[in-house]
Amino acid sequence: MMQAMGDREKDLQMARKGRTAGVVIAAAMLIWMAAQWLGGQLGWPVRFVFLFDLAAIAALIWALVVTYQIWRMRRDNQR
């Protein structure tokens, strides 16, 4: 019984991490696309718009790391 509760808690933790990673990916892409469009409309310098590119890359790398952690947790739970 205690083992089942621990497994349920791990499943909930993985689900939370997955949702967070999904939200970060979606938000990063929406913000990046909006910044690209807005930068073109307002004539922002390329240096400034490039900061949004770097922020989007950082968010996607973070999401990749979290996704890898979820994959490892699932793999370890199956053993």
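## Close-ups of a two-helix chain

The protein chain exposes about 6300 Å², and carbon and sulfur atoms supply 69% of that area. Keep in mind that this is a predicted model.

**Figure 1. The whole chain, with its 2 helices and 0 strands.** Start here to get your bearings. Along the principal axes, the C-alpha atoms fill a box of roughly 60 × 15 × 10 Å. The radius of gyration comes out at 18 Å, whereas a compact globule of 79 residues would sit near 12 Å. Buried residues account for 15% of the 79 residues. Take the contacts between residues at least 6 apart in sequence: 71% of them join residues at least 24 apart.

**Figure 2. Helix α2 from end to end, residues 46–78.** How far should the 33 residues of α2 span at 1.5 Å a residue? The expected figure is 48 Å, and the end C-alpha atoms are indeed 48 Å apart, so the two agree. Val46 belongs to this helix, and it counts as exposed because its relative accessible area is 69%, over the 50% cut-off. From Val46 to Asp76, 30 residues along the chain, the C-alpha atoms are separated by 45 Å.

**Figure 3. The buried residues of α2.** Which residues in α2 are buried? They are Val49, Ala56, Ala59, Ala63, Val66, Ile70 and Met73. Ala58 is in α2 too, but with a relative accessible area of 46% it is partly exposed. Pick out Ala28 in the same view: its C-alpha atom is 9.3 Å from that of Ala58, although the two are 30 residues apart along the chain. Compare that with Val46 and Asp76, also 30 residues apart along the chain, whose C-alpha atoms are separated by 45 Å.

**Figure 4. A nonpolar patch on the surface.** Seven names to find here: Phe48, Phe50, Leu51, Leu54, Ile57, Ile61 and Val65. Together they offer about 640 Å² of accessible area. Zoom in on Phe50, which is found in α2. Phe50 counts as partly exposed because its relative accessibility is 45%, and a patch member needs over 30%.

**Figure 5. Trp44 in the loop between α1 and α2.** Helix α1 covers residues 2–42, and Trp44 is found in the loop that follows it, ahead of α2. Is Trp44 buried or partly exposed? Its relative accessibility is 27%, so it counts as partly exposed. What does Trp44 touch, leaving aside its neighbours within four places in sequence? Its contacts are Ala35, Leu38, Gly39, Val49 and Phe52. One of these, Val49, is among the buried residues of α2. Val24 is another matter: 20 residues from Trp44 in sequence, it is 25 Å away in space, C-alpha to C-alpha.

**Figure 6. Ile31 and Phe52, 21 residues apart in sequence.** Ile31 has its place in helix α1. With a relative accessible area of 53%, Ile31 is exposed. How many ångströms separate the C-alpha atoms of Ile31 and Phe52? The distance is 8.2 Å. Phe52 also turned up in the previous view, as a contact of Trp44.

**Figure 7. The salt bridge between Glu9 and Arg16.** Side chains of opposite charge can pair when their charged atoms come close. The structure holds 1 salt bridge, and here Glu9 pairs with Arg16, the closest N and O atoms being 3.8 Å apart. That distance counts because the cut-off is 4 Å. How covered are the partners? Glu9 is partly exposed, at 47% relative accessibility. Arg16, with a relative accessible area of 42%, is partly exposed as well.

Methods
Residues numbered from 1 in each chain as written. Predicted model: local features only at pLDDT ≥ 70, side-chain atom pairs only at ≥ 80, totals over all residues. Heavy atoms only, no water. Patch = residues over 30% accessible without salt bridge, like charges linked within 9 Å, V, L, I, M, F, W, Y side chains within 5 Å. Areas by Shrake-Rupley, 256 points an atom, 1.4 Å probe, with all protein chains shown as cover. Salt bridge = Lys/Arg side-chain N within 4 Å of Asp/Glu carboxyl O. Helix = DSSP H or I, 4+ residues; strand = E, 2+ residues; numbered from the N terminus. Buried < 20%, exposed > 50% of the residue type's maximum accessible area, 1.4 Å probe, protein only. Expected span 1.5 Å × (residues − 1). Rg over C-alpha atoms; globule rule 2.2 N^0.38 Å. Contact = heavy atoms within 4.5 Å.
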